[in-house]
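Here is a short walk through a fold, from the inside out. Keep the model open as you read.

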Amino acid sequence: MTAAHPLAELLVEAWRGRFPPADGGSRRVPPWRSGLEAVVAFTGHAVLALEPDRDDARLSALGVDGVGGAQRRAGAGTEGPG
C-alpha cells in the first residue's frame, strides 16, 4: 500500500473537522502528480502543492502566506495584477 499524499491527508483531516492551525503560515508539499499544482487555503493557513522549480525565496518575496497571499501570487508564479 502506498502512503497517502500529504495534501490528501490534510483534506481528509479537514473533512473530519480537524484543520491546520490558523497561524498565518503556509507549507509546501509535492504536486499531486507531475504537472498538477495547487494552492489550497484553509482559514489562516495555506498549502502549496508545487513543483520543485518554484523557488521558496521567490514565493516569500511574492508575499505567500496563510492569510490570502497564497491565492493571489503562488499559483501564477509571477507578481501578477493583485
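Start with the interior of this predicted model. Its largest nonpolar core has eight residues: Leu-7, Leu-10, Ala-14, Val-29, Val-40, Phe-42, Val-47 and Ala-49. At least two of these come from each of α1, β2 and β3. Helix α1 gives the largest share, three residues. A general tendency fits here: in soluble globular proteins, nonpolar side chains tend to be buried together.

Take one core member, Val-40. Which residues does Val-40 contact, leaving aside neighbours within four places in sequence? They are Leu-7, Leu-11, His-45, Ala-46 and Val-47.

Now turn to the sheet. Three strands make it up, and it is open. Their order is β1-β3-β2, with mixed pairing. The edges are held by β1 (25-29) and β2 (38-42). Each of these two has a single partner strand, so one of its sides is left without a neighbour in the sheet. On average, neighbouring strands are turned by 20° against each other, direction ignored.

Strands of a sheet pair through backbone hydrogen bonds, either parallel or antiparallel. Here, β1 runs parallel to its partner β3 (residues 45-49), and five bridges join the pair. Within β3, Leu-48 is the residue that stands opposite Arg-28.

The helix completes the picture. Helix α1 spans residues 6-15 and packs on the sheet. It touches β1, β2 and β3. The direction of α1 makes about 25° with that of β2.

Technical notes. Residues numbered from 1 in each chain as written. Predicted model: local features only at pLDDT ≥ 70, side-chain atom pairs only at ≥ 80, totals over all residues. Heavy atoms only, no water. Pairing = 2+ DSSP bridges. Helix = DSSP H or I, 4+ residues; strand = E, 2+ residues; numbered from the N terminus. Axes fitted to C-alpha atoms, helices over the stretch in contact; angles between N-to-C directions. Contact = heavy atoms within 4.5 Å. Core = buried A, V, L, I, M, F, W, Y, C linked by side-chain atoms within 4.5 Å. Buried < 20%, exposed > 50% of the residue type's maximum accessible area, 1.4 Å probe, protein only.
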